[in-house]
Amino acid sequence: MEDLWRLPAVELASLIRSKKVSAKEAASSALARLDAVNPSINAVVDHRPEDVLAQASLIDGRIARGEDPGPLAGVPVTIKANIDQQGFATTNGLKLQRDVIAATNSPVVDNLRKAGAVMLGRTNCPAFSYRWFTTNLLHGDTKNPRDPATTPGGSSGGAGAAVASGIGHIAHGTDIAGSIRYPAYACGVHGLRPTVGRVAAYNAALPERTIGPQISAVSGPLARTIGDLRIALAAMSAYDVRDPWWVPAPLEGPMMPKRAALCLRPDGLETVAEVKAAVADAGKRLERAGWTVEEVATTPPLREAAELQTRLWLGDGYEAQLAAAEREGDPGALACLRGNRAKVFPFDAAAFSRALTRRATLMREWLQFLEIYPVLVMPVSAELPFPDGLDVRDEASFTAGMAGPADANCCSLLGAPRANGVHGIGGPHSRRRSSGCRPLSGGSVPARGRGNRSLWYAVGAGRSRQQVRGRTKYHG
């Protein structure tokens with residue numbers, strides 16, 4: 001059973017519940033995989049093997065006593081280093097927070113443990129979880145397991161790299177502006193950004209966030225199969241009294257018609273030819289699968305949504321964020337905040353009120369659009385720093401990436417229109433660089449599975465020519 005780490009979480013949990021394998025065997029396999037590949041990618045920045053095995057032994061004990069071990073019985077899961085896990089530092093990629101040791105778990109960790117999951121390790125993120133790549137002055141760089149020259153995405157880049165390389169079967173991530181969805185497509189796995197209020201959140205180790213991030217930030221899963229996203233979301237979204245935003249929404253939405261909109265130039269953005277071809281191909285694949293696909297000239301506003309998102313997230317408490325970034329000295333965080341200063345500062349009560357009002361109007365436009373087209377096939381926006389000398393077009397065809405009602409700058413429209421949020425589908429890298437997508441020793445694990453009609457999807461690919469010019473954008 002050396003290759004237990006390769007199995008989907010759903011299958012592994014079934015094997016453990018039926019006593020065909022033990023949770024301790026699954027944990028040992030996960031730890032061996034971590035030891036084999038993590039030195040090459042630096043996805044996990046803190047883990048304690050003895051504790052992992054002790055957690056697994058507790059699951060085996062429940063099963064031996066005839067108790068229900070939970071839907072995630074013995075499944076190894078990684079946790080992003082920006083939420084509380086008892087006894088671990090909630091660093092969020094910061095030297096400033098290396099000594100912020102959590103005395104209690106975040107609701108997400110508690111819910112996963114109640115579902116029977118085994119916490120395998122803590123995954124890396126950029127400083128403050130601001131950026132499209134994953135590096136910081138405390139933990140260093142995280143590499144994409146499919147190609148070290150390609151970003152693993154951010155801010156949940158450690159989560160995406162871990163699950164793509166077989167370190168854990170499910171990864172926890174957080175998302176304000178694509179921090180789950182972008183690593184999912186960059187690493188070729190699946191990611192889900194739930195709606196605000198779906199998954200309870202609270203970090204007792206740190207001061208409460210300002211209102212802008214509170215109404216934007218969510219936790220959600222990354223995994224290698226759609227079935228694993230389903231079971232992970234169900235586990236994560238259990239009630240917790242500590243989150244006043246939590247909503248008891250049903251996990252299954254109504255069946256939606258198999259109708260999709262295809263848009264090659266969302267919000268008037270000019271898109272490179274390779275991306276247009278990949279998006280058109282995605283539309284044809286849907287048609288062959290029995291969907292009705294209609295091409296539309298444009299979408300509801302995207303760029304304006306990005307500006308509002310930037311103002312609500314970075315403008316609310318901008319000076320305090322900048323001061324913290326200056327103390328940390330992280331160049332990525334400073335570039336993010338200084339580069340967006342003109343857009344977000346000053347941000348008084350009147351500006352905040354206007355932004356909230358306009359956000360509601362834009363959300364309504366998107367909801368009306370999505371009543372007609374439950375699925376939207378469009379290019380994914382992505383502003384990321386390319387390595388020196390890299391031709392942007394070489395990376396222009398991540399052929400099945402995903403963003404939520406996203407805007408020109410990869411900022412979601414502050415939450416998904418459906419109860420179950422936005423589903424990020426990862427896919428292969430550029431056709432022109434396929435020879436460079438080398439798996440790690442032992443083999444990466446490809447994404448598998450299909451979507452379901454109870455979720456809202458926006459499938460896209462690559463990035464527009466306009467969008468790769470700016471490199472001071474933030475990420476949550």
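User: What makes both faces of strand β4 count as covered?

Analyst: In this predicted model, I170, H172 and T174 on one side and A171, G173 and D175 on the other are all buried. Buried means a relative accessible area under 20%, exposed means over 50%, and partly exposed lies in between, with a 1.4 Å probe and protein chains only. Six of the six residues of β4 (residues 170–175) are buried, so the strand is largely enclosed by the rest of the structure.

User: How do you know that β4 pairs with β2 and β6?

Analyst: Two strands pair if DSSP finds at least two bridges between them. Strand β2 (residues 76–80) and β4 have two bridges in the parallel sense, and A171 in β4 is the bridge partner of T78. Six bridges join β4 to β6 in the antiparallel sense, where H172 has P221 as its bridge partner. Both counts therefore satisfy the requirement of at least two.

User: Which strand other than β4 is joined to β6, and what makes the two a pair?

Analyst: Strand β5 (residues 190–193) is joined by two bridges to β6 (residues 218–223), and the two run antiparallel. One bridge places G191 opposite L222. Both faces of β5 are covered, since H190 and L192 on one side and G191 and R193 on the other are all buried.

User: How are the helices and strands defined, and how many does the chain have?

Analyst: Helices (H or I, at least four residues) and strands (E, at least two) are DSSP runs, numbered from the N terminus. By this rule the chain has 14 helices and twelve strands. Buried residues make up 61% of its 476 residues. Residues are numbered from 1 along each chain as its sequence is written, and side-chain values use heavy atoms, with hydrogens and water left out. Because the model is predicted, local features need pLDDT of at least 70 and side-chain atom pairs count only at pLDDT 80 or more, while totals for chains, interfaces and linings use all residues.

User: Which residues of helix α12 are buried, and what covers them?

Analyst: In α12 (residues 331–339), the buried residues are G332, A333, L334, C336 and L337. Their cover includes α10 (303–315), α11 (318–328) and α13 (341–344). An α-helix has 3.6 residues a turn, so residues three or four places apart point the same way.

User: What makes the approach of D330 to G332 a polar contact?

Analyst: At the start of α12, a side-chain oxygen of D330 reaches to within 3.1 Å of the backbone nitrogen of G332. A polar contact is a pair of N or O atoms within 3.5 Å; within protein, one must be able to donate a hydrogen and the other to accept it, and residues adjacent in sequence count only if both atoms are side-chain atoms. The distance therefore falls within the limit.

User: Why is the ring pair of Y318 and F345 called tilted?

Analyst: The whole structure has nine aromatic pairs. In the pair of Y318 and F345, the centres are 5.6 Å apart and the planes stand at 35°. Rings of Phe, Tyr and Trp (its six-membered ring) pair if their centres lie within 6.5 Å; planes under 30 degrees apart count as stacked, over 60 as edge-to-face and the rest as tilted. The angle of 35° is neither under 30 nor over 60, so the pair is tilted. Y318 lies in helix α11 and F345 in the loop between α13 and α14 (349–372), 27 residues apart. Y318 counts as buried at 2% relative accessibility, whereas F345 is partly exposed at 28%. F369 and Y373 also form a tilted pair, because their ring centres are 5.3 Å apart and their planes stand at 50°.

User: How do you know that P301 is buried, and which residues does P301 touch?

Analyst: P301 has a relative accessible area of 19%, which is under the 20% limit, so P301 is buried. The residue sits in the loop between β8 (292–295) and α10. Leaving aside residues up to four places away in sequence, P301 touches D267, L362, E365 and W366, where contact means heavy atoms within 4.5 Å. P301 and E365 are 64 residues apart in sequence, yet their C-alpha atoms are 8.4 Å apart.
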